[in-house]
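Biologist: I'm new to this structure, and I'd like a close look at its salt bridges and the parts of the fold around them. Please start there and then work outward.

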Amino acid sequence: MRNSKSLKAAAFAAIAATTGLAAMAPLSAHHHKTASQTQPNIVAAAQGTGVHNTLVAAVQAAGLVDTLSSPGPFTIFAPTDTAFAKLPAGTVETLVKPENKGTLTNILTYHAVAGNVSSSDLISLINRHGGSATIDTVAGEKLTARLSGDKIVITDAAGRATAVMQADVNVSNGVIHVTDGVFLPG
């Protein structure tokens, strides 16, 4: 059960880190450092984007910072602040209350996939499965991926479609795909 909580926490942090990650340049590399040592982790990347403030606050409220800062790897679908603003008024404020930590953690880990899944991996999976592919999340729920033109679109359990606006933001502990919506589990 502890590993499940850690994965959920890591998934949430990864989600939080996705907004603004592409704008972040890796730290200067020294000859003895590997690429993963020069890149921020999911949480640090999200904190530096300026567009994932809500995600970062949610990850902190859910207690997932340590998990999402761990080695992973995780694939995070990271909604922007604008994506969170599309939720009904008061939703985010309610979710970050201590008494709603379990629900918030479930939502955040619904945005996380174990492993490093690039956009080309997703596209290959979609093509191999006739136009749509099911993805297992850290929350134990499923997402469906498909293509709409040249964009990857992810559909959650409630049937809401969310586009990947920026794919393949590589971080030291995985990859972030920035989304224009928030996934809600069934």
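Modeller: If we count a side-chain nitrogen of Lys or Arg within 4 Å of a carboxyl oxygen of Asp or Glu, we get two salt bridges. Keep in mind that this is a predicted model. As for the general idea, side chains of opposite charge can pair when their charged atoms come close.

One of the two links Asp136 and Lys142, with their closest N and O atoms 2.4 Å apart. Find these two along the chain: strand E3 covers 132–136 and strand E4 covers 142–148. Lys142 is partly exposed, because its relative accessible area is 49% and the exposed class takes values over 50%.

The other salt bridge joins Asp156 to Arg160, and here the closest N and O atoms sit 3.0 Å apart. Which partner of this pair is buried? It's Asp156: its relative accessibility is 5%, so it counts as buried, the cut-off being under 20%. Arg160, by contrast, is partly exposed at 34%.

Now look at what surrounds that second pair. Strand E5 (residues 151–155) and strand E6 (residues 161–171) run antiparallel and are paired over three bridges. Val153 stands across from Ala163 of E6. Five residues separate the two strands of this hairpin, and Gly159 there has a positive phi near 85°.

Follow E6 along and you'll meet a residue with an unusual-looking backbone label. Asp168 has a positive phi too, near 60°, and Asp168 isn't a glycine. Asp168 belongs to strand E6, and with a relative accessible area of 30% the residue is partly exposed.

E6 has another partner as well. Strand E7 (residues 174–179) pairs with E6, again in the antiparallel sense, over five bridges. Val171 has Gly174 in E7 as its bridge partner. E6 and E7 make a hairpin too, with two residues between them.

One residue in that loop deserves a pause. Asn173 sits between E6 and E7. Is Asn173 buried or exposed? Buried, because its relative accessible area comes to 2%, under the 20% limit. Its side chain has polar partners: a polar atom of the Asn173 side chain lies 3.0 Å from the backbone nitrogen of Ile42, and the side chain also reaches the backbone oxygen of Ser70 at 2.8 Å. Leaving out residues up to four places away in sequence, Asn173 touches a whole list of neighbours, including Asn41, Leu68, Gly72, Pro73 and Phe74.

Two names on that list take us to another spot. The peptide bond from Gly72 to Pro73 is cis, with omega near 10°. Pro73 is in the loop between helix H5 (65–69) and strand E1.

The strands we've been visiting also meet a helix. In H9 (residues 119–128), the residues Ser119, Leu122 and Ile126 are buried. Looking down the axis of H9, you'd find its buried residues within an arc of 60°, so they line one face of the helix. Asn127 and Arg128, on the other side of H9, are exposed. And what lies over the buried residues? The cover includes E1 (74–79), along with E3, E4, E5, E6 and E7. That list takes in E3 and E4 as well as both hairpin strands E5 and E6. Just after H9, Gly130 has a positive phi of about 70°.

Helix H4 (residues 53–62) makes a nice companion to H9. Its buried residues are Leu55, Val56, Ala58, Val59 and Ala62. Viewed down the axis of H4, they fall within an arc of 160°, so they too line one face of their helix. Just after H4 comes Gly63, with a positive phi of about 75°.

Finally, step back to the whole chain. It has nine helices and seven strands, and buried residues account for 45% of its 186 residues. Take the contacts between residues at least 6 apart in sequence: 72% of them join residues at least 24 apart. The accessible surface of the chain is about 8700 Å², and 53% of that belongs to carbon and sulfur atoms.

Conventions:
Residues numbered from 1 in each chain as written. Predicted model: local features only at pLDDT ≥ 70, side-chain atom pairs only at ≥ 80, totals over all residues. Heavy atoms only, no water. Buried < 20%, exposed > 50% of the residue type's maximum accessible area, 1.4 Å probe, protein only. Helix = DSSP H or I, 4+ residues; strand = E, 2+ residues; numbered from the N terminus. Arc of directions from axis to C-beta. Pairing = 2+ DSSP bridges. Polar contact = N/O pair within 3.5 Å; in protein donor to acceptor, adjacent residues only side chain to side chain. Contact = heavy atoms within 4.5 Å. Areas by Shrake-Rupley, 256 points an atom, 1.4 Å probe, with all protein chains shown as cover.
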